[in-house]
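This report goes through one protein model, starting at its metal site and then moving to its cores and domains.

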Amino acid sequence: MIAAQFDAFFLDLDGVVYIGDEPTPGTPLVLKELRRKGKEIRFLTNNPTSAEEIVRRLRSLGIESQEREVVTSGTATAALLAAKDLRKAWVLGHKGLKEALLARGVTSTEGDGCDAVVVGWNDDITMADIREASLAIRRGAFFVATNEDRTYPGPQGPLAAVGTLVEALVAGSGQRPISVGKPQPFMFDVALKGLGRGKRAVMIGDTPDVDILGAHRSGLPALLMGEAVTFPYDRDFRNPDGRIASLEDLFDESLSVGEWDGPSYAWPERVEPGVAAIVLEGERVLLMRRRDNGLWGIPSGHVEPTETVAGAVLREIREETGIEAEVTGLIGVYSDPRSQVMTYPDGRIRHFVTTCFLCRPTGGTLGRTGPETLDAGFFPLDSLPEPMMAMHPLWLADALAGSKEPFIR
Ligand SMILES: [Mg+2]
């Protein structure tokens, strides 16, 4: 029985606790029974409003709750701003969001005086608001989105949601926001903080790439309620650890949830093509030191639009070291997420599929480098500089193995 496996139940609202203006079948009774058994309940909603408004809404559906049990993308945003000591926010949102912020000491200010721009829900946003708020972000205001849901279900099909307004501000400001709502981990962190130590929690949601992904990013097991389609790859973070038809299934003696056995890597937002080069000159290899992380590595980078992988690698060698080179062989194609998922200092997470070539220098001037490089040079194979990018010693070893077949790792 799932109810017996956990101490705390994190519930999505729309699609799990209610659909439209009706509670889902059996839910008011199930919640009562969970409480009677001493279970903790948390309501996690991307709706950027106050806890008070959610309590009121649940009461109108016959469900009693307390404000301390509610985590909205609005209350979590308020907690984030308060933790950063940002007290004056330009709120592109409605009254409920402003109340949630004020409850944590964050007041609403428009124009130059703001130290944060908060994007929530407001039907009355104008082009002038988008223009001025974008300017505030360009001038240094902290840019935060309560959530980036692009649509929500409507009677005639998907309807535009907060994420569409976020994209307008991204276009206007040239920056991406910190995003608070599911599937980011902030709301789960807030919900977990309120529980005692060692309490076992499970997330129940109806949207794989919001509820399930968010729970897994936070290390929690997750159940999918309803009919949503899942993904064919079994290690996909968006796939649930079990499915239920209704919350009544929590008391089904025949059901249980497997633990989320989270891998060591973070969930990447996208997959990108990369290239890398082992440039050998006799017993020496060409290395460069990266400005973004200070690490030594072989020349490497992105494939740009319309570029071939071979063209990209020769360009990267030139830009990063000043050396001209030619491709003499293929070492391998590397895509294992355990080594190929990268988290950048600004928080971006990318999964690279990297084609690694063997190359030979043909000319150029060592050290005539672009802005990404701190230093470059040829190093003897038996005394490489430290510290090195994690995967590059393996690629070098593959290059030196003398295999006729390329490695596929
Ligand atoms: Mg939902």
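## Metal site

Aspartate 12 has a relative accessible area of 7%, under the 20% limit, and is therefore buried. Aspartate 14 is partly exposed, because its relative accessibility of 42% falls between the 20% and 50% limits. The model is a predicted one.

Both residues serve as donors to the magnesium ion, together with Asp206. Asp12 and Asp206 each donate through OD, whereas Asp14 donates through O. The distances from these protein donors to the ion run from 2.1 to 2.2 Å. Along the sequence, the donor residues follow the spacing D-x1-D-x191-D.

## Domains

The protein is divided into three parts: domain 1 (2–46 + 183–251), domain 2 (74–179) and domain 3 (270–408). Domain 1 is thus written as two segments, 2–46 and 183–251. Between the C-alpha centres of domain 1 and domain 3 the distance is 43 Å.

## Nonpolar cores

In soluble globular proteins, nonpolar side chains tend to be buried together. In this model the largest nonpolar core has 30 residues, and Phe10, Leu44 and Leu81 have the most contacts inside it. Helix H4 (residues 73–83) supplies the largest share of this core, four residues. Domain 1 (2–46 + 183–251) and domain 2 (74–179) each contribute at least three residues to the core.

A second core, separate from the largest one, has 29 residues, including Leu11, Leu13, Val30 and Val55. Which residues does leucine 44 touch, not counting residues up to four places away in sequence? The contacts of leucine 44 are Phe10, Leu11, Asp12, Leu13, Val71, Lys182, Met187, Phe188, Ala191 and Met203. Among them are Leu11 and Leu13, which belong to the second core, and Asp12, a donor of the magnesium ion.

## Residues 270–402 and helix H12

An unreviewed UniProt entry places the feature "domain: Nudix hydrolase" at residues 270–402. In the model, this span is 20% helix and 47% strand. The C-alpha atoms at the two ends of the span lie 33 Å apart.

Helix H12 covers residues 392–400, and His392, Trp395, Leu396, Asp398 and Ala399 are buried in it. These residues lie on the same side of H12, because they cover an arc of only 160° around the axis. After H12 comes glycine 402, which has a positive phi near 75°.

Notes
Residues numbered from 1 in each chain as written. Predicted model: local features only at pLDDT ≥ 70, side-chain atom pairs only at ≥ 80, totals over all residues. Heavy atoms only, no water. Core = buried A, V, L, I, M, F, W, Y, C linked by side-chain atoms within 4.5 Å. Buried < 20%, exposed > 50% of the residue type's maximum accessible area, 1.4 Å probe, protein only. Domains from an automatic or database assignment. Contact = heavy atoms within 4.5 Å. UniProt positions renumbered as here; feature names shortened; annotations may be inferred. Arc of directions from axis to C-beta. Donors = N, O, S within 2.8 Å, 3.2 Å for Na, K, Ca; no water.
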